[in-house]
Amino acid sequence: MRVRGFLLVVVLGLFASILLVNGIVTGEFAQDGAIGATNAIGGVPRDVLDGGPIISVDGNAIATLTPPDKQIVLTFDDGPDPTYTPEILAVLAKYEVPAVFFMIGSQISSRPGIVRDVRNAGHEIGIHTFTHPDLAGQGEWRRGVEASETQFALAGAAGVSSVLFRPPYSSTAAAFDDQNWPVVAEAGGNGYLTVVNTLDSRDWESHATMTDIRRAATPPGGQGAIVLFHDGGGDRSRTAAALDAVIPDLKRAGYTFTTVAALTGMSTVNPAATAQDRALGIALVGAVQIARAVTSWFAVLLLVFGVLTLARLCVLLILARRHARRTPWGPDYDRTVTVIVPAYNEKECIADTLGSLVAGVHPVEIIVVDDGSTDGTADIADALGHPNVTVLRQPNAGKAAALNTGIAHATTDVVVMMDGDTVFEIDTVSLLVQPFADPAVGAVAGNAKVANRSGMIAMWQHIEYVVGFSIDRRAYDVLHCMATVPGAVGAFRREALRQVDGLSDDTLAEDTDLTIAVIRAGWRVVYEERARAWTEAPSSMSQLWRQRYRWSYGTMQAMWKHRRALVESGPGGRFGRRGLLMLTLFQTLLPLLSPLIDVYLLYGLIFLHPAWTVAVWLVVLVVQFASTAYAFRLDHESPRPLWRLPLQQFVYRQLMYLVLIQAMVAALGGIRLGWQKLRRTGGLNALMGARLPTGSSATTARPGV
């Protein structure tokens, strides 16, 4: 258990890390905006404020450079972008014009191929931080990480580094103040050449016309300039077209286009990266690519499963309503039936169980099969002295063997199976066997109800039972793909049992295994919601875990055992392509994704749009609440427990998917589980009486109880 829990933590941690990487590099969080400018410029050297856009800071030595007259440096910020950067590269290639691209590290990591295209085209690359924050509002550590991570990304994508730096939200040299100048000074101390702009093309303004952009990008009076455009960071659909007009304008005016390296006399501004930086960069870029792929595929998978889940819910609700309006079965089935009660250490409940049976209105023969109990269960059953009860004893061999023993001793055409810890209402057996008036019916599932509804855990199970029986089983009946006749309350035609050789101990879900086998044999399995049985649900987390672990494991065994139903024809094939697929998708695969969905929800709250994320979650909760309320209405249950439904999402659902994950690991590992007996408290008759709806026929006196 500890190992499996550790593996789960590792998997969730890895997935959370992948989402974190993707959230950072895609900038899907609310990025830091620009800090407002101040009027304080006392700390900014006058040479900078009055100087050029290329700034070198080396200790106390400060130098600036302005492009000579009639020389232009085209620069592009916030890329690379998969749409706009290639468009701009095409225009630059058309006119054989060099440029400088100031790239964001997260975008470099996401689009390494475009970075190589920029480099191979002969353009210069500068760094523009990794996540585009205003560095004036960040500490020295954050500023260092922003720069180093961008360098690693550039090394991994194109095998080079850069000495060029442009702070986000910067403009001209004259705009420096006491807040942002320390960023430039610090960058200079780290060996960077800071490049701001002389002219802003305004291509980022949505209201700017093409004429506005051309005018803003043209230097006045023949002066040299560094012109700012953008190839990323938003809608840049007009940039390439504007550039296609601006470059010819400037060339006709006698301008030439140059680079920072040419202006400064440097051989290159993009020297080759060190082997270590390349290795780290390749790892960073690879991690980003994996994160993008995993996140994208998971988002698609989540969308597909979400659509399928909502579609399934709508279909089930429609079918459940159709089932609720079905016509009666026909003539009453009033022949005697055999009720088989397998019992193993049920001393707390066996008297109540048998008392409820002998009090029933339908003629029954009752066979109690004591499966090697060590608590005197068989003696208690014998001592009750009920005339129509036969007690059989056998060495402990499991529930399937006990039921087979009862079937072998049955003499009636129909046998009812129930658990030794369950109580029937006085008309349960009568209602349960009525569908056998139809000769095509081979088995009938009854309606199991939680009797002990005190405590949050029991109430969550009550909600789960009502939805499962009132919606799912009704719909599965209409679709002819009922996967399980519950062991607590079910009836079978003895001929159907004979054809499938009774119950098998191949799985721990002998009821599911038997039901599927009966369907594959050509019989119809139906649901009778009025045939109610009251059972004691686990009252502690540990008991619930053991029960659901066994159920989940056994269901997986039954699914695998009957996998050939997928390719069969007739009723078996119909069940395989409906029932088995629904079990696989909605009771196995989707719950297995639930932990990842919860992590993705946190990702949405942090990196996506928190309001939209919460809104989507609330919509899902409202839909679930509405469908659950409808299930309660169909089952004539009080809606008062429904306030617990939101809490169920934060505790109970997590417990259920942890159980499923453990069962899946056990199944894949070939681990064989044994029968797991739950501790019972008894007193079901009293609990059942307290829970029955007012006016129910079962609220009348029960002889012999």
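# Helix packing, salt bridges and backbone details

Helix 20 and helix 21 (residues 610-634) pack at an angle of about 145°, and their axes lie 6 Å apart. This is a predicted model, so please read every value below as computed from predicted coordinates. Welcome to a short tour of its helix contacts, its charged pairs and a few backbone details. Across the structure there are 31 salt bridges, and several of them are described here one by one.

**Where helix 20 meets helix 21**

- On the helix 20 side, the contact is made by Leu601, Gly604 and Leu605.
- Their partners in helix 21 are Pro610, Thr613, Val614 and Trp617.
- Sorted by class, the residues of this contact are 5 nonpolar and 2 polar, with no charged ones.

**Where helix 20 meets helix 18**

- Helix 20 (residues 570-607) also comes together with helix 18 (residues 510-520): their axes come within 7 Å and cross at roughly 135°.
- That crossing makes helix 18 oblique to helix 20.
- Ile516, Ile519 and Arg520 are the helix 18 residues in this contact, and they meet Pro571, Gly572 and Phe575 of helix 20.
- The classes here are 4 nonpolar, 1 polar and 1 charged.

**Helix 19, in length and burial**

- Helix 19 (residues 541-561) has 21 residues, which at 1.5 Å a residue should span 30 Å.
- The C-alpha atoms at the ends of helix 19 are 30 Å apart, in agreement with that expectation.
- Of the 21 residues in helix 19, 15 are buried, so the helix is largely enclosed by the rest of the structure.

**Salt bridges that link distant parts of the chain**

- Side chains of opposite charge can pair when their charged atoms come close.
- Lysine 399 and aspartate 419 join their side chains in a salt bridge, at 2.6 Å from N to O.
- This pair links distant parts of the chain, 20 residues apart: lysine 399 sits in helix 14 (residues 399-409), while aspartate 419 sits in the loop between strand 14 (414-417) and strand 15 (422-424).
- Lysine 399 has a relative accessible area of 14% and is buried; aspartate 419, at 18%, is buried too.
- Glutamate 425 forms a salt bridge with arginine 532, and their closest N and O atoms are 3.0 Å apart.
- Glutamate 425 belongs to the loop between strand 15 and helix 15 (428-433) and arginine 532 to strand 18 (residues 524-535), so this bridge ties together parts that are 107 residues apart in sequence.
- Glutamate 425 counts as buried at 3% relative accessibility, and arginine 532 counts as buried at 11%.

**A salt bridge within one helix, and a network**

- Glutamate 495 and arginine 498 form a salt bridge in which the closest N and O atoms are 2.4 Å apart.
- Both residues lie in helix 17 (residues 494-499), 3 residues apart, or about one turn of the helix.
- Glutamate 495 is partly exposed, with a relative accessible area of 33%, whereas arginine 498 is exposed, at 54%.
- Elsewhere, a network of salt bridges links Arg326, Arg474, Glu528, Glu529 and Arg530.

**Arginine 321 and its surroundings**

- Arginine 321 is a residue of helix 11 (residues 275-324), and at 36% relative accessibility it counts as partly exposed.
- Leaving aside residues up to four places away in sequence, arginine 321 touches Tyr630 and Leu634.
- Arginine 321 and alanine 475 are 154 residues apart in sequence, yet their C-alpha atoms are 8.4 Å apart in space.

**Backbone details to look at**

- Glycine 79 and proline 80 are joined by a cis peptide bond, with omega about 0°.
- Proline 80 is placed in the loop between strand 3 (71-79) and helix 3 (84-95).
- Glutamate 96 is not a glycine, but has a positive phi of about 55°.
- You will find glutamate 96 in the loop between helix 3 and strand 4 (100-103), where it is exposed, with a relative accessible area of 73%.
- Asparagine 345, also not a glycine, has a positive phi of about 55°.
- Asparagine 345 lies in the loop between strand 11 (337-343) and helix 12 (350-358), and at 16% relative accessibility it counts as buried.

Key. Residues numbered from 1 in each chain as written. Predicted model: local features only at pLDDT ≥ 70, side-chain atom pairs only at ≥ 80, totals over all residues. Heavy atoms only, no water. Axes fitted to C-alpha atoms, helices over the stretch in contact; angles between N-to-C directions. Helix = DSSP H or I, 4+ residues; strand = E, 2+ residues; numbered from the N terminus. Parallel < 35°, antiparallel > 145°, perpendicular 65-115°, else oblique. Contact = heavy atoms within 4.5 Å. Nonpolar A, V, L, I, M, F, W, Y, C, P; charged D, E, K, R; others polar. Salt bridge = Lys/Arg side-chain N within 4 Å of Asp/Glu carboxyl O. Buried < 20%, exposed > 50% of the residue type's maximum accessible area, 1.4 Å probe, protein only. Expected span 1.5 Å × (residues − 1).
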